[in-house]
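The following exercises introduce one molecular structure to a reader who has not met it before. Each sets a task and then works through the solution step by step.

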Amino acid sequence: MIQDLITRVAAAAGLDEGLAAKAVGMILGFLQKEGPQEQVQQMLAALPGATDLIAQSEGGGGGGLMGMMGGLMGGGIMGLGANLMGAGLDMGQISTVGKELMAFGRENAGEDVMGQIVANTPGLSQFV
């Protein structure tokens with residue numbers, strides 16, 4: 001299931017599957033920390049393999065200057081953006097990954113769950 005999402009994101013954003021997996025894991029990890037817990041858990045349950053992807057993306061964290069900037073920004077949506085750029089994505093690719101992830105979430109977890117996640121995660125609505 002999660003592999004379908006990674007393949008879809010990689011094709012849409014022009015990324016290799018390894019980078020697509022890292023980006024999806026980073027975004028899911030952000031949602032797990034910042035989003036409404038009940039709905040995020042429902043989404044993760046509807047996406048088998050998602051929690052493994054989060055763990056993998058946290059392991060080899062976005063180091064370097066952009067990773068440090070993400071830390072300095074105190075996390076949140078701006079920190080996530082800096083970390084994704086540090087991993088090698090540009091703003092267009094970040095937007096594409098976010099949109100594809102949300103669309104996949106709607107298909108698998110439902111519009112209500114994803115709508116609540118977007119509405120109740122600070123800053124997310126401007127990116128998806």
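## Exercises on the chain and its helices

Among contacts in the protein chain between residues at least 6 apart in sequence, 68% join residues at least 24 apart. The model is a predicted one.

**Exercise 1. State how many helices and strands the protein chain has, and what percentage of its residues count as buried.**

Step 1. The protein chain has 8 helices and 0 strands.
Step 2. Following the sequence, the pattern reads α-α-α-α-α-α-α-α.
Step 3. The protein chain has 128 residues, of which 43% count as buried.

**Exercise 2. Describe the largest nonpolar core and the helices that supply it.**

Step 1. The largest nonpolar core contains 40 residues. Those with the most contacts inside this core are Val24, Leu28, Leu31, Met43, Val97 and Ile117.
Step 2. At least two residues of this core come from each of α1, α2, α3 (37–46), α4, α6 (76–86), α7 and α8 (111–120).
Step 3. The helix that gives the most to this core is α2, with 10 residues.
Step 4. Ile117 can be followed further: with residues up to four places away in sequence not counted, Ile117 touches Leu31, Pro36, Gln39, Val40, Met43 and Leu124.

**Exercise 3. Determine how α1 and α7 pack, and which residues make the contact.**

Step 1. Two packed helices are described by the angle between their axes and by the distance between those axes.
Step 2. For α1 and α7 the angle is about 145 degrees, and the axes are 9 Å apart.
Step 3. The crossing of α1 and α7 is right-handed.
Step 4. On the side of α1, the contact is made by Asp4, Leu5, Arg8, Val9, Ala12 and Ala13. On the side of α7, it is made by Gln93, Thr96, Val97, Glu100, Leu101, Ala103, Phe104 and Glu107.
Step 5. By type, the residues of the contact of α1 with α7 divide into 8 nonpolar, 2 polar and 4 charged.

**Exercise 4. Carry out the corresponding description for α2 and α3.**

Step 1. The axes of α2 and α3 cross at roughly 145 degrees and come within 8 Å.
Step 2. From α2, the residues Leu28, Leu31, Gln32 and Lys33 meet Gln37, Val40, Gln41, Met43 and Leu44 of α3.
Step 3. The residues of this contact divide into 5 nonpolar, 3 polar and 1 charged.

**Exercise 5. Decide whether each of Gln93 and Met102 is buried or exposed, and list the contacts of each.**

Step 1. Gln93 lies in helix α7 (residues 91–109), and Met102 also lies in α7.
Step 2. The relative accessible area of Gln93 is 16%. Because buried means under 20%, Gln93 is buried.
Step 3. Met102 has a relative accessible area of 1% and is therefore buried.
Step 4. Leaving aside neighbours within four places in sequence, Gln93 is in contact with Ala13, Gly14, Leu15 and Gly88. One of these, Gly88, follows α6 and has a positive phi, near 115 degrees.
Step 5. Not counting residues up to four places away in sequence, Met102 touches Leu31, Met114, Val118, Leu124 and Val128. The C-alpha atoms of Met102 and Met114 are separated by 6.9 Å, with the two residues 12 residues apart along the chain.

**Exercise 6. Work out the setting of Ser57 and of Asp16: where is each placed, and is each buried or exposed?**

Step 1. Ser57 is placed in helix α4 (residues 50–59). Its relative accessibility is 7%, so Ser57 counts as buried.
Step 2. A polar atom of the Ser57 side chain lies 2.9 Å from the backbone oxygen of Ile54.
Step 3. With neighbours within four places in sequence left aside, Ser57 is in contact with Lys22, Gly25 and Met26.
Step 4. Asp16 lies in the loop between α1 (2–13) and α2 (17–34). Its relative accessible area is 51%, and because exposed means over 50%, Asp16 is exposed.
Step 5. A polar atom of the Asp16 side chain lies 2.9 Å from the backbone nitrogen of Gly18.
Step 6. Asp16 and Ile6 are 10 residues apart along the chain, and their C-alpha atoms are separated by 9.3 Å.

**Exercise 7. Identify the buried residues of α6.**

Solution. The buried residues of α6 are Ile77, Gly79, Leu80, Gly81, Ala82 and Leu84.

Conventions:
Residues numbered from 1 in each chain as written. Predicted model: local features only at pLDDT ≥ 70, side-chain atom pairs only at ≥ 80, totals over all residues. Heavy atoms only, no water. Helix = DSSP H or I, 4+ residues; strand = E, 2+ residues; numbered from the N terminus. Buried < 20%, exposed > 50% of the residue type's maximum accessible area, 1.4 Å probe, protein only. Polar contact = N/O pair within 3.5 Å; in protein donor to acceptor, adjacent residues only side chain to side chain. Contact = heavy atoms within 4.5 Å. Core = buried A, V, L, I, M, F, W, Y, C linked by side-chain atoms within 4.5 Å. Axes fitted to C-alpha atoms, helices over the stretch in contact; angles between N-to-C directions. Left-handed = near helix turned anticlockwise from the far one by under 90°. Nonpolar A, V, L, I, M, F, W, Y, C, P; charged D, E, K, R; others polar.
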